[in-house]
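Here are my notes for a first look at this entry. Please read them with the structure open.

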Amino acid sequence: MARPLVADIDLDALRHNYHLARSLAPRSRAVAVIKADAYGHGAVACARALEAQPAQARPPAFAVACLEEAEVLREGGVHTPIVLLEGIFEAKELAQVEALGLWMAVHSDWQVEALLAHRPARPIPVWLKVDSGMHRLGFSPEEAVGVWQRLAAAPDCASDLQLMSHFATADAVEAGYFRRQLARMQALGERLGAPLCLANSPATLAWPDAHGAWVRPGVMLYGSDPLEVPSEASRRLQPVMTLRSQIIAVRELEEGEPVGYAGRWRAPRRSRIGVVACGYGDGYDRHAVDGTPVLVAGRRTAIAGKVSMDMLTVDLTEIPEATIGSEVVLWGRAANGEVLGVDEVARHCDTISYTLLTGILPRVPRRYSR
Ligand SMILES: *Cc1c(COP(=O)(O)O)cnc(C)c1O
């Protein structure tokens, strides 16, 4: 029998979460963000699952970080428009942008110059990136006015202009900084008569004011709740990835006996320990503390001992029916329907769902429903 660790990808849940995003922003178009191999879920499979829907339910566009990610999608038979969220990294990429029918963000003067000098056969849809407070990429609101006017005056090069910006704190309960960013973009949009594309997942979930012409949900599509405090809407998200394995060995320990490297966990009483085929060599986070939740045979228990490269250990003392071959869910949905959210696991690893999901390594086979 093969090693039992798999990442099961539920494409119905992906479609459900995409529909939820759309229903929360009914007057916006929703670009599905599938960068970083769809947050570790497999970009081609996810894009094709979203494309394989009735026309009115399909995403009008996908978003990735760079040309290489768009090329993989086109080679995989994905036909929908694709936005490059960071645009091009060098001018010669423009030929491929054109050939593959891509849209692009522009965040820097050199990109604008390259686009205007390139003279595409057909104009390229352009999302002008504005730095409204993230202080990472984009033009200041003042600079953006001039760049917008230059692009608008070159309709042979750039078409379908949008103003795009990214929020630093849309997930937080404290909304002061978010509101300042939003106000800057609303003022700029009004001044230029420009459509806006602002909302990431938390803003899509929690801030209808920020739903412009477009929203850009990412992590919520995969069932992770980005909000500091969950909302009625975010509780309706469904996990897409289930990281599933099995118990491959069982140990009985006397009180006080240690488990694993450095003996970090010591049995507080007579204990039963299960060894699970999953480790940091699969992308499971080595920072998982004792007490990190796990589902064994659909019941909650916890990691006991440091995560190894190919294995980790869990406490089975309260789950007497667990034995070799029992199902272990590291996050996602167990066979009995019980759910363990990737966000909860991330908190025990002092990280965020994004790093856990994108961190699953190629050694773990992806298995797709339908
Ligand atoms: C990744 C990304 C998103 C999606 O963010 P989530 O928090 O995953 O929803 C949206 N916009 C830009 C520019 C991004 O880079």
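1. Start at the ligand and Arg216. A side-chain N or O atom of Arg216 lies 2.8 Å from a nitrogen atom of the ligand. Keep in mind that this is a predicted model.

2. Two further polar approaches involve ligand oxygen atoms. Ser201 places a side-chain N or O atom 2.5 Å from an oxygen atom of the ligand. For Tyr39, a polar side-chain atom is 2.6 Å from an oxygen atom of the ligand.

3. How many residues surround the ligand? The count is 13, and the closest are Lys35, Tyr39, Ser201, Arg216 and Tyr354.

4. Lys35 deserves its own point. UniProt, in an unreviewed entry, lists "modified residue: N6-(pyridoxal phosphate)lysine" at Lys35. That label comes from the record, and such annotations may be inferred rather than shown by experiment.

5. Where does Lys35 sit? Lys35 belongs to helix 2, which covers residues 35–40. Lys35 counts as partly exposed, because its relative accessibility is 31%. Leaving aside residues up to four places away in sequence, Lys35 touches Ala63, Val64, Ala65, Glu69 and Leu85.

6. Next, look at strand 15, residues 293–296. In a regular strand, side chains alternate between the two faces of the sheet. Here Pro293 and Leu295 point one way, while Val294 and Val296 point the other way. Are these four residues of strand 15 buried or exposed? All are buried.

7. Strand 15 pairs with strand 16, residues 299–302. The two run antiparallel and are joined by four bridges. One of the partnerships links Leu295 to Arg300 in strand 16. The hairpin of strand 15 and strand 16 has two residues between the strands, and Ala297 takes a positive phi near 50° there.

8. Strand 15 also pairs with strand 18, residues 327–333. This pairing is antiparallel too, over two bridges. Val296 has Val328 as its bridge partner in strand 18.

9. Now the cysteines. The disulfide count is zero. A disulfide needs two cysteine sulfur atoms within 2.5 Å. Why does Cys66 not qualify? The closest cysteine sulfur, in Cys46, is 17 Å from the sulfur of Cys66, so it is too far for a bond. Cys349 is in a similar position: its sulfur is 11 Å from the closest cysteine sulfur, in Cys278, again too far for a bond.

10. Both cysteines can also be checked for burial. Cys66 counts as buried, because its relative accessibility is 16%. Cys349 counts as buried at 3% relative accessibility. The cut-off for buried is under 20%.

Technical notes:
Residues are numbered from 1 along each chain as its sequence is written. This is a predicted model: local features need pLDDT of at least 70, side-chain atom pairs count only at pLDDT 80 or more; totals for chains, interfaces and linings use all residues. Side-chain values use heavy atoms; hydrogens and water are left out. Buried means under 20% relative accessible area, exposed over 50%, partly exposed in between (1.4 Å probe, protein chains only). Two strands pair if DSSP finds at least two bridges between them. Contact means heavy atoms within 4.5 Å. A residue is near a molecule or strand if one of its heavy atoms lies within 4 Å of it. A polar contact is a pair of N or O atoms within 3.5 Å; within protein, one must be able to donate a hydrogen and the other to accept it, and residues adjacent in sequence count only if both atoms are side-chain atoms.
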